[in-house]
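Trainee: Could you take me through one part of this model closely, namely the largest pocket, and then set that pocket in the context of the fold around it? I would like a connected account rather than a list.

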Amino acid sequence: MREERTAVAGDAAHLAQLTAFLQQFWSSAELPPAEVLAFELALEEVFMNVVMHGTTAGALRLVEVSLALTGDGLTMTVEDDGPGFDPLSVPTPDVTVSLADRRVGGLGVLLVRQMMDAVSYARVAGRNQLRMTKHLTA
């Protein structure tokens with residue numbers, strides 16, 4: 001098993017740093033280039049949700065991202081020290097209705113669920129922990 005971890009302040013300016021961390025891990029582990037996009041999109045969606053919804057005015061949250069490569073899959077875990085919130089509890093948006101009639105929010109979580117093979121949430125030691133796993137092709 002190979003695992004790496006990094007941490008940044010919960011500020012949108014740090015998204016590029018997290019993306020570079022993911023890309024470096026991907027390249028050094030020689031993972032299939034075609035599959036990195038799903039992880040980049042999931043990382044962006046989850047991180048920006050923490051930034052926009054998990055912080056209070058004047059309080060930057062610490063966001064940790066870990067990548068664990070095991071056998072045929074990769075697990076990306078995003079943890080933050082914001083208020084407890086399970087993004088998987090958000091109702092699945094009805095994408096069959098018109099944009100004018102659709103509720104705001106929830107599309108990012110839907111996207112993450114569709115791109116990954118498994119997504120789970122836990123509140124561990126006062127921290128939000130969102131774990132996303134996808135099986136990779138050889």
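Mentor: What follows starts at the pocket and works outward to the helices, the sheet and one loop. Please keep in mind throughout that this is a predicted model.

The largest pocket holds about 520 Å³ of space, and its lining is made up of 26 residues, among which Asn 49, Val 50, His 53, Phe 85 and Pro 87 lie nearest the centre. By class, that lining comprises 15 nonpolar residues, nine polar ones and two charged ones. Several elements take part, since at least two lining residues come from each of α2 (36–53), β3 (73–80), α3 (107–115), β4 (118–124) and β5 (127–135). The greatest contribution is that of α2, which supplies six residues of the lining.

To place these elements, it helps to consider the chain as a whole, which contains three helices and five strands, arranged from the N terminus in the order β-α-α-β-β-α-β-β. Of its 138 residues, 43% count as buried, and among the contacts with a separation of 6 or more, 62% are between residues 24 or more positions apart.

The five strands form an open sheet in the order β1-β2-β3-β5-β4, with antiparallel pairing. At its edges stand β1 (2–9) and β4, each of which pairs on one side only, and from one strand to the next the twist averages 15°. Helix α1, residues 15–28, packs on this sheet and touches β1, β2 and β3, with a direction that makes about 170° with that of β1. Helix α2, for its part, lies across β1, β2, β3 and β5 and runs at about 10° to β3.

Within the sheet, strand β2 (residues 62–70) is joined to β3 by eight bridges, the two running antiparallel, and here Leu 69 has Leu 74 of β3 as its bridge partner. Eight bridges also join β3 to β5, again in the antiparallel sense, and Val 78 is matched there with Leu 130 in β5. Between β4 and β5 there are seven bridges, likewise antiparallel, and Arg 123 stands opposite Asn 128 of β5. The hairpin made by β4 and β5 has two residues between its strands, and Ala 125 in that hairpin takes a positive phi near 50°.

Returning to the helices of the lining, α3 has a buried set consisting of Gly 108, Val 109, Leu 110, Val 112 and Met 115. The cover over these buried residues includes α2, β4 and β5, and those three elements are also among the ones that each give at least two residues to the lining of the pocket.

One residue in a loop completes the picture, namely Gly 54, which is found between α2 and β2. Its relative accessible area is 13%, and because buried means under 20%, Gly 54 counts as buried. Setting aside its neighbours within four places in sequence, Gly 54 is in contact with Asn 49, Arg 61, Gly 82 and Pro 83, and Asn 49 is one of the residues lying nearest the centre of the largest pocket. Gly 54 and Gly 10 are 44 residues apart in sequence, while their C-alpha atoms are 8.6 Å apart in space.

Methods. Residues numbered from 1 in each chain as written. Predicted model: local features only at pLDDT ≥ 70, side-chain atom pairs only at ≥ 80, totals over all residues. Heavy atoms only, no water. 1 Å grid on protein atoms, 1.4 Å probe; cavity = no way out; pocket = protein on both sides within 12 Å on 5 of 7 lines; lining within 4 Å. Points joined across faces, edges and corners; volume = space filled by probe spheres on them. Helix = DSSP H or I, 4+ residues; strand = E, 2+ residues; numbered from the N terminus. Nonpolar A, V, L, I, M, F, W, Y, C, P; charged D, E, K, R; others polar. Buried < 20%, exposed > 50% of the residue type's maximum accessible area, 1.4 Å probe, protein only. Contact = heavy atoms within 4.5 Å. Pairing = 2+ DSSP bridges. Axes fitted to C-alpha atoms, helices over the stretch in contact; angles between N-to-C directions.
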